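Work through the exercises below with the sequence and the model open. Each task is followed by a solution in steps.

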Protein chains: 2
Amino acid sequence: MSNESVTAEGRTATDSGNRSGPIVLINCFTVWQQRDDAFHDIWFQTSAYFREQPGYRSLRLHRAVTPDARYRWVNVAQWASEADYQASHRTEEFRRLITQKGWDDFPNLPVLYKVVEADG
Amino acid sequence: MSNESVTAEGRTATDSGNRSGPIVLINCFTVWQQRDDAFHDIWFQTSAYFREQPGYRSLRLHRAVTPDARYRWVNVAQWASEADYQASHRTEEFRRLITQKGWDDFPNLPVLYKVVEADG
């Protein structure tokens with residue numbers, strides 16, 4: 001049973017209009033500590049879809065060790081372009097995955113970034 | 001002139017008590033678009049200190065392209081351990097840098113994470 005309050009649009013970074021060049025998704029999730037396993041399960045299932053999409057490059061899923069973290073889980077994913085990221089979030093399969101029962105327990109904050117400085 | 005409302009403790013991820021093993025700092029900054037250059041300048045100046053600290057590994061500074069981003073700048077930094085991260089945030093030099101005029105315009109949310117999944 002899908003949950004209508006969780007929309008595919010609300011789970012997708014707002015379109016910036018700048019479609020080309022490598023982009024980084026930083027997706028911050030609000031998860032109660034007792035729900036870590038449930039979150040990890042549904043995230044993993046949903047990530048399988050993204051790993052198959054054109055332009056997907058890599059991901060790193062992080063869990064907080066800091067005790068008072070506002071966002072206890074953060075996914076940092078590399079995409080070839082914002083065009084690829086947006087296209088993969090406008091499919092029926094994405095809509096089906098993200099509106100499934102379970103996701104509404106885990107609000108998120110998906111934002112796209114450009115790397116300005118890097119070393120190491 | 002230092003600003004007493006910005007404390008070194010408030011700028012540092014709360015100690016988790018787990019001191020060993022590689023750790024990732026994800027540090028989310030609130031910056032008005034008009035203040036991007038001022039933020040970048042003071043961040044760059046402060047980052048020079050961290051780049052010299054024992055256990056510092058790398059950083060990637062990100063600027064949002066998503067128009068409605070809550071956190072327009074995010075630094076993702078790798079450290080050899082939380083012990084190294086915490087030690088570098090308890091020096092007089094860190095206290096001097098972070099309480100300087102300018103930083104109080106840019107609230108932040110520093111949290112330490114372990115990587116749970118990685119590919120690509």
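**Exercise 1.** Decide whether B:R72 is buried or exposed in this predicted model, and list its surroundings.

Solution. Start with the accessibility: B:R72 has a relative accessibility of 10%. The cut-off for buried is under 20%, so B:R72 counts as buried. Next, place the residue in the chain: B:R72 lies in the loop between β2 (56–64) and β3 of chain B. Then list the contacts, leaving out residues up to four places away in sequence. Within chain B, the residue touches B:F29, B:V31, B:W32, B:Q33, B:D36, B:H62, B:R63 and B:A64. From chain A, B:R72 touches A:Y113.

**Exercise 2.** Determine how strand β1 of chain B (residues 23–29) is enclosed, and which strands pair with it.

Solution. Begin with burial. Seven of the seven residues of β1(B) are buried, so the strand is largely enclosed by the rest of the structure. Now take the two faces separately. In a regular strand the side chains alternate between the two faces of the sheet. On one side of β1(B) are B:I23, B:L25, B:N27 and B:F29, on the other B:V24, B:I26 and B:C28, and all are buried. Both faces are therefore covered.

Finally, look at the strand partners. β1(B) runs antiparallel to strand β3 (residues 73–79) of chain B, with seven bridges between them. It also pairs with strand β4 (residues 108–119) of chain B, antiparallel, over six bridges. B:N27 shows both pairings: its bridge partner in β3(B) is B:N75, and in β4(B) it is B:P110.

**Exercise 3.** Trace the pairing of β2(B) within chain B and across to chain A.

Solution. Within chain B, β2(B) and β3(B) are antiparallel and share seven bridges. An example is B:Y56, whose bridge partner in β3(B) is B:W79. Across the chains, strand β4 (residues 108–119) of chain A joins β2(B) through six bridges, again in the antiparallel sense. Here A:V115 has B:H62 as its bridge partner.

**Exercise 4.** Find which residues touch the most other members of the largest nonpolar core, and which elements supply that core.

Solution. The core has 25 residues. Those that touch the most other members are B:F29, B:F39, B:W43, B:W79, B:W103 and B:L112. At least two residues come from each of β1, α1 (36–51), β2, β3 and α3 (92–98) of chain B. The largest share, five residues, is supplied by α1(B).

Take B:W43 as a case. Not counting residues up to four places away in sequence, B:W43 touches B:F29, B:R51, B:L59, B:L61, B:N75 and B:W103, and also A:E117 from chain A. Apart from this core lies another, of 24 residues, including A:A8, A:L25, A:Y49 and A:W73.

**Exercise 5.** Describe how A:V111 is placed, and what it touches in each chain.

Solution. A:V111 is in strand β4 of chain A. Its relative accessible area is 7%, so the residue is buried. A:V111 and A:L25 are 86 residues apart along the chain, yet their C-alpha atoms are separated by 5.8 Å. Not counting residues up to four places away in sequence, the contacts in chain A are A:A13, A:V24, A:L25 and A:I26. In chain B, A:V111 touches B:A64, B:T66 and B:A69.

**Exercise 6.** Establish how the two chains are related, and what area they bury between them.

Solution. Superpose chain B on chain A: the operation is a rotation of 180° with 0.0 Å of shift along its axis, at an RMSD of 0.0 Å. That is the relation of a two-fold axis. The same surface serves both copies, since 100% of the contact residues of chain B recur in chain A.

Now turn to the contact itself. Chain A and chain B each bring 44 residues to it. Together they bury about 3,600 Å², with 58% of that on carbon and sulfur atoms. Of the area that chain B buries against chain A, 19% comes from B:V65, B:E117 and B:D119, more than any other three residues.

Conventions: Residues numbered from 1 in each chain as written. Chains lettered and ligands numbered in written order. Predicted model: local features only at pLDDT ≥ 70, side-chain atom pairs only at ≥ 80, totals over all residues. Heavy atoms only, no water. Least-squares fit on C-alpha atoms with pLDDT ≥ 70 in both. Contact = heavy atoms within 4.5 Å. Buried < 20%, exposed > 50% of the residue type's maximum accessible area, 1.4 Å probe, protein only. Helix = DSSP H or I, 4+ residues; strand = E, 2+ residues; numbered from the N terminus. Pairing = 2+ DSSP bridges. Core = buried A, V, L, I, M, F, W, Y, C linked by side-chain atoms within 4.5 Å. Buried area = accessible area lost by both parts, 1.4 Å probe.
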